[in-house]
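Please open the structure in your viewer and keep the sequence panel beside it. This tour moves from one selection to the next and says what is there at each stop.

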Amino acid sequence: MSMSPVRPWKSGHQLELLENGESFYPRVFESIRAAQREVLLETFILFDDKVGRELREVLIDAARRGVRVAVTVDGYGSPDLSEEFVHGLTEAGVQFLVFDPQPPLLGMRTNLFRRLHRKLVVIDERIAFVGGINFSLEHLAEFGAAAKQDYAVQLEGPVVQDIHRFMLDAAGLEPLPPRRLRLVQRAAPPEDSLDGAMVRFVTRDNTAHRTDIEQQYLAALRGARREVLIANAYFFPGYRVLRELRNAARRGVDVRLILQGEPDMAIAQIAGRTLYDYLLRDGVRVYEYCRRPLHAKVAVIDDEWVTVGSSNLDPLSLSLNLEANVVIRDARFAHHLRRRLAELIHHHCREMGPQHRPRPRWWQLTVGTVVFHVLRRFPAWAGWLPAHRPRIAPPPLPAAAGEPAPHPETPPPRAAGKGG
């Protein structure tokens, strides 16, 4: 259980759902270009491709005009950034940190466990972006058949302060000095805006907030009365979530799951499919999204409760990774996301009832049983594995640069306690 309280609900927000890179990247880049004081960014994946290079360009431009820019990437998710790519950022004044940097062993990445999986951006303490979209070309349709389907949310309102304070602490930064008070005339929001939405920022770490995201799901599922609609890329939750899904279906709630039909990792689909019969027998309806890989981590319950973020419903996200979601109570935002997910079901999913999928062979049942029982115990075993307290370190600079790293390494205890 968590040792620290979950951050409180806050009201008075404007929200916008951003679907895939086509919506997400232009909005983020536009906001960075308009930044006046500060850009904080965390991401699991940053690649040196079309998307990564545009992000690099706007961050460098912001730093050169005096904006404080801090970027943190995960050492497992972003292992191949060149010294040239990184040095261009740090030379412009960007603080660039790598979470749990580890050299490969025999060509393999060894820092799989305790990954920084969050995707967060805060600009000028005013606008925040939270979701599951990384900074890479694979989130754009032009990537081809393997382009990912995913979601993020843009937020304005009081919860941005919670996200901002969290990111400052994670990056080891002090708040900027307050600027002089100025009277700023802001345009009134349109009548159909989402002003007034209730939002809570929820994180998962390996110290004080181990189960906070899972607890938010469990509470919402227990209170569901009409409908549960979950789209999740890597679905293999623990017994508590599975039990509440079945309980909801038993009491007449329409429970629908959208899972991967074109997986980017075959083992994820194999593991998830071992749960289908367990869920179907009590009326849970399972759909596989077959247009392209699903990367979503969103849910809508009773057309009022929504979560958007980085957390999958699998052992890595629920028990190991550092994750961040927002939980939203707002009927209009919920209705919009529900409609978008319903369109996925209608146009691009196949229902996986008993009559829609082939009977598994004996070896598939055997493998599925082994996978199920290994993964259900995996979180307990993971505490024995390396990188229990990963570190944050500045990236090495090219020797030719002759400059010291701009920021000292954060000590291990601080790095492990980012969720505080």
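Two strands count as paired if DSSP finds at least two bridges between them. With that in mind, and remembering that the model is predicted, begin by selecting Asn232 together with Lys297, its bridge partner in strand 12.

**First stop: strand 12 and its neighbours**

Extend the selection to strand 9, which covers residues 227-232, and to strand 12; the two run antiparallel and are joined by 5 bridges. Strand 12 itself spans residues 297-301 and is mostly covered, since 5 of its 5 residues are buried. Which residues point one way from strand 12, and which the other way? Lys297, Ala299 and Ile301 point one way, whereas Val298 and Val300 point the other way, and all of them are buried. In a regular strand, side chains alternate between the two faces of the sheet.

Now add strand 13, residues 305-309, which runs antiparallel to strand 12 and is joined to it by 4 bridges. Within this pairing, Val300 has Val306 in strand 13 as its bridge partner. Strand 12 and strand 13 form a hairpin with 3 residues between them, and if you select Asp302 in the turn you will be looking at a residue with a positive phi of about 55 degrees.

**Second stop: strand 14**

From strand 13, go on to strand 14, which runs antiparallel to strand 13 and is joined to it by 5 bridges. To see one of these pairings, select Gly309 and its bridge partner in strand 14, Asn325. Strand 14 takes in residues 323-329 and is mostly covered, with 6 of its 7 residues buried. Strand 14 is also joined by 7 bridges to strand 8, residues 197-204, and these two strands run antiparallel as well. Here Arg204 is the residue to select, as it stands opposite Glu323 in strand 14.

**Third stop: Gln260**

Next, select Gln260, which lies in strand 10, residues 254-260. Is Gln260 buried or exposed? Gln260 has a relative accessible area of 4% and is therefore buried, the cut-off for that word being under 20%. Leaving aside residues up to four places away in sequence, Gln260 touches Ala233, Tyr234, Gln269, Glu288, Tyr289, Pro293 and Leu294. With Ala233 there is a particular detail to look for, because the side chain of Gln260 reaches the backbone oxygen of Ala233 at 3.0 Å. You may also draw a line between the C-alpha atoms of Gln260 and Arg292, which are 32 residues apart along the chain and separated by 8.6 Å.

**Fourth stop: Glu288, Arg350 and His348**

Glu288, one of the residues that Gln260 touches, is worth selecting next along with Arg350, as their side chains meet in a salt bridge of 2.9 Å, N to O. Arg350 lies in strand 15, residues 349-351, and Glu288 in strand 11, residues 285-289, so the pair ties together parts that are 62 residues apart in sequence. Arg350 is partly exposed, with a relative accessible area of 34%, while Glu288 is buried, with a value of 0%. Salt bridges that share partners also join Glu227, Asp254, Arg256, Arg285, Arg338 and Glu351 into one network, which can be selected as a group.

Then move to His348, which has its place in helix 10, residues 331-348, and is partly exposed at a relative accessible area of 27%. Not counting residues up to four places away in sequence, His348 touches Glu288, Tyr289, Cys290, Arg291 and Glu343. Between the C-alpha atoms of His348 and Gly261 the distance is 9.7 Å, although the two residues are 87 apart in sequence.

**Last stop: two further salt bridges**

How many salt bridges does the structure hold? The structure holds 25 of them, and one is found by selecting Lys50 and Glu142, whose closest N and O atoms are 2.9 Å apart. Lys50 lies in helix 2, residues 50-64, and Glu142 in the loop between strand 6 (127-131) and strand 7 (151-156), so this pair ties together parts that are 92 residues apart in sequence. Lys50 counts as partly exposed at 44% relative accessibility, whereas Glu142 is exposed at 52%.

Finally, select Arg243 and Glu244, where the side chains meet in a salt bridge of 3.9 Å, N to O. Arg243 is partly exposed at 37% relative accessibility, and Glu244 is buried at 7%.

Technical notes: Residues are numbered from 1 along each chain as its sequence is written. This is a predicted model: local features need pLDDT of at least 70, side-chain atom pairs count only at pLDDT 80 or more; totals for chains, interfaces and linings use all residues. Side-chain values use heavy atoms; hydrogens and water are left out. Buried means under 20% relative accessible area, exposed over 50%, partly exposed in between (1.4 Å probe, protein chains only). Contact means heavy atoms within 4.5 Å. A polar contact is a pair of N or O atoms within 3.5 Å; within protein, one must be able to donate a hydrogen and the other to accept it, and residues adjacent in sequence count only if both atoms are side-chain atoms. A salt bridge is a side-chain nitrogen of Lys or Arg within 4 Å of a carboxyl oxygen of Asp or Glu.
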